[in-house]
Amino acid sequence: MPRQVCPTCQRPLNVCYCSALVHIPNRIRVLIIQHPLEQKHPFNTGRMAQQCLDNSELIVAEHLTDDALAQLLRPNSALLYPSLAWLPEVEQVARGSALAASLEQLVVIDANWKKSKKILHLHPKLQQLPRVSFEGNLRSGYQIRHSSMENSLSTIESIVMAMQQLESDRDFQAMLRPFARMIELQTECAAPAPDRE
C-alpha cells in the first residue's frame with residue numbers, strides 16, 4: 001500500500017513539516033522557477049519558501065517560451081544568483097539602494113547548480129536582469145543534502161537572506177522554521193534504532 005503523502009508539502013506524513021510553516025506578507029513578489037527534477041526531490045525547499053511567502057508564485061519548467069517569460073517578469077525584476085564569471089556584468093541590487101526600493105519582483109531558480117545553469121543558458125533574458133548576490137562565507141544549515149558548489153545555500157536560505165536585505169522592515173528568519181523541522185525529522189528517521197536488551 002502506498003505511503004500517505006501530505007498534499008501541502010508533498011512529503012510522507014511521518015516527515016511532514018507543515019506544522020512549522022509561517023505566512024509572511026512580502027511586498028516584493030518572489031517568482032520561483034523550479035526545475036522539473038527538483039519538484040520530485042524530497043528535500044527541495046523552493047516549494048517550502050513559496051508556502052511561506054504570501055506574495056509568491058512557483059512555476060515548474062526547464063524552458064519557457066519568450067512570451068511565457070515576458071508574462072511572468074515584472075518591469076522591475078531582479079535575479080537571485082551568484083555573480084559568476086560566465087554571466088554578463090549587470091547592475092547589483094545593493095541594500096538600501098534606489099534599485100532595491102523600486103524592486104517589484106525577485107526571480108529565483110530552484111535547481112541544483114548544473115540544472116540552474118542550464119535554465120539560465122536557455123533564458124538569456126534572465127541573465128540580463130539586475131542581480132542580487134551575496135559575498136563572504138556562507139554556511140548552510142543543510143545536513144541532509146549537499147551542494148556541488150562551495151559556499152552555497154539552499155533555495156529557502158537564499159530567499160530569506162535576500163528578502164531580509166531587500167525588505168529589512170520584516171522578519172523573514174521565521175521562514176527557516178519549516179526548514180529546520182524538515183532537517184530534524186529526516187535526522188530522526190535516519191538515526192539507528194536504539195539497541196534492545
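**Exercises on strand β3 and helix α5**

In strand β3, Ser 77 and Leu 79 point one way, Ala 78 and Leu 80 point the other way, and all are buried (under 20% relative accessible area with a 1.4 Å probe, protein chains only; exposed is over 50%, partly exposed in between). This is a predicted model, where local features need pLDDT of at least 70, side-chain atom pairs need 80 or more, and totals for chains, interfaces and linings use all residues. Residues are numbered from 1 along each chain as its sequence is written, and side-chain values use heavy atoms, without hydrogens and water.

**Exercise 1.** Find the bridge partner of Leu 79 in β4, and the residue it stands opposite in β5.

*Solution.* Start with β4 (105-110): four bridges join it to β3, and the two run parallel. (Strands are DSSP E runs of at least two residues, helices H or I runs of at least four, numbered from the N terminus; pairing takes at least two bridges found by DSSP.) Here Leu 79 partners Val 107. Now try β5 (residues 131-132), which pairs with β3 over two bridges, also parallel. There, Leu 79 sits opposite Arg 131.

**Exercise 2.** Work out which residues of α5 are buried and what they pack against.

*Solution.* First, list the buried ones in α5 (residues 113-122): Trp 113, Ser 116, Ile 119 and Leu 120. They span an arc of only 120° around the axis, so they're on the same side of α5 (the arc uses directions from the helix axis to the C-beta atoms). Next, look for contacts (heavy atoms within 4.5 Å): these buried residues pack against β3 (77-80), β4 and α6 (124-127). Finally, flip to the face turned away, and you'll meet exposed Lys 114 and His 121.
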